[in-house]
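The following exercises are to be worked through with the sequence and the model at hand. Each task is followed by a solution in steps.

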Amino acid sequence: MAVRTTVRVRSPYKPHSVLLDLGSVAQSVKAGLILSEPNTASFTVQKTSPIWLDFADLLVAGSMISIERDDRRWPW
């Protein structure tokens with residue numbers, strides 16, 4: 001079974017509720033975890049995506065971005 005990852009914008013304040021799910025527009029989602037090494041994660045959103053018009057206020061510095069696996073084992 002393949003594990004799907006999704007990108008979510010969450011509130012920076014507890015309980016960190018989901019403000020926006022980028023699952024359908026985020027591409028090239030990559031996340032890595034190596035013990036004793038810094039974690040890395042990346043994804044892309046096309047410049048022509050309507051997400052920039054509708055939710056630009058959520059995609060600013062200070063937003064909490066998480067990359068999560070659907071098996072709930074490792075959130076990044």
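**Exercise 1. Determine in what order the elements of the protein chain run from the N terminus on.**

Solution. The model under study is a predicted one. Step 1: count the elements; the secondary structure of the protein chain comes to 1 helix and 5 strands. Step 2: read them from the N terminus on, which gives β-β-β-β-α-β. Step 3: place the helix in the sequence; helix 1 covers residues 51–55.

**Exercise 2. Describe the open sheet: which strands does it hold, and in what order?**

Solution. Step 1: recall that strands of a sheet pair through backbone hydrogen bonds, either parallel or antiparallel. Step 2: identify the strands; the open sheet has 3 strands in the order 2-1-5, and the pairing is antiparallel. Step 3: find the edges; strand 2 and strand 5 (64–69) are the edge strands, as each pairs on one side only. Step 4: add the twist, which averages 35° from one strand to the next. Step 5: examine one pair in detail; strand 1 and strand 2 are joined in the antiparallel sense over 3 bridges. Val9, for instance, has Leu20 in strand 2 as its bridge partner.

**Exercise 3. Examine the loop between strand 1 and strand 2, and state what is notable about the backbone at Pro15 and at His16.**

Solution. Step 1: locate the residues; Pro15 lies in the loop between strand 1 (5–10) and strand 2 (18–21), and His16 is found in that loop as well. Step 2: inspect the peptide bond between Lys14 and Pro15; this bond is cis, with omega of about 15°. Step 3: inspect phi of His16; the angle is positive, about 55°, although His16 is not a glycine. Step 4: classify the accessibility of His16; the relative accessible area is 25%, and therefore His16 is partly exposed.

**Exercise 4. Decide whether Arg10 is buried or exposed, and name the residues that Arg10 touches.**

Solution. Step 1: place the residue; Arg10 lies in strand 1. Step 2: compare its relative accessible area of 17% with the cut-off of under 20%; Arg10 is therefore buried. Step 3: list the contacts, not counting residues up to four places away in sequence; Arg10 touches His16, Ser17, Val18, Leu19, Met64, Ser66 and Glu68. Step 4: look for a polar contact; the side chains of Arg10 and Ser66 are joined by one of 3.4 Å.

**Exercise 5. Which residues form the largest nonpolar core, and which residues does Ile51 touch?**

Solution. Step 1: list the core; the largest one has 9 residues, namely Val7, Val9, Leu20, Leu22, Ala26, Val45, Ile51, Leu58 and Ile67. Step 2: test the burial of Ile51; its relative accessibility is 9%, so Ile51 counts as buried. Step 3: place Ile51, which is found in helix 1. Step 4: find its contacts, leaving aside neighbours within four places in sequence; these are Leu20, Leu22, Val25, Val45 and Ala56. Step 5: consider the pair Ile51 and Val25; they are 26 residues apart in sequence, and their C-alpha atoms are 8.0 Å apart in space.

**Exercise 6. Characterise the protein chain as a whole: what share of its residues is buried, and what supplies its exposed area?**

Solution. Step 1: of the 76 residues, 21% are buried. Step 2: the chain exposes about 5,800 Å², of which carbon and sulfur atoms supply 57%. Step 3: among contacts between residues at least 6 apart in sequence, 47% join residues at least 24 apart.

Conventions. Residues are numbered from 1 along each chain as its sequence is written. This is a predicted model: local features need pLDDT of at least 70, side-chain atom pairs count only at pLDDT 80 or more; totals for chains, interfaces and linings use all residues. Side-chain values use heavy atoms; hydrogens and water are left out. A nonpolar core is a set of buried Ala, Val, Leu, Ile, Met, Phe, Trp, Tyr and Cys residues joined through side-chain atoms within 4.5 Å. Buried means under 20% relative accessible area, exposed over 50%, partly exposed in between (1.4 Å probe, protein chains only). Contact means heavy atoms within 4.5 Å. Helices (H or I, at least four residues) and strands (E, at least two) are DSSP runs, numbered from the N terminus. A polar contact is a pair of N or O atoms within 3.5 Å; within protein, one must be able to donate a hydrogen and the other to accept it, and residues adjacent in sequence count only if both atoms are side-chain atoms. Two strands pair if DSSP finds at least two bridges between them. Axes are lines fitted to C-alpha atoms, for helices over the stretch in contact, and angles run from 0 to 180 degrees between N-to-C directions. Accessible areas come from the Shrake-Rupley method with a 1.4 Å probe; for residues, only the protein chains shown count as cover.
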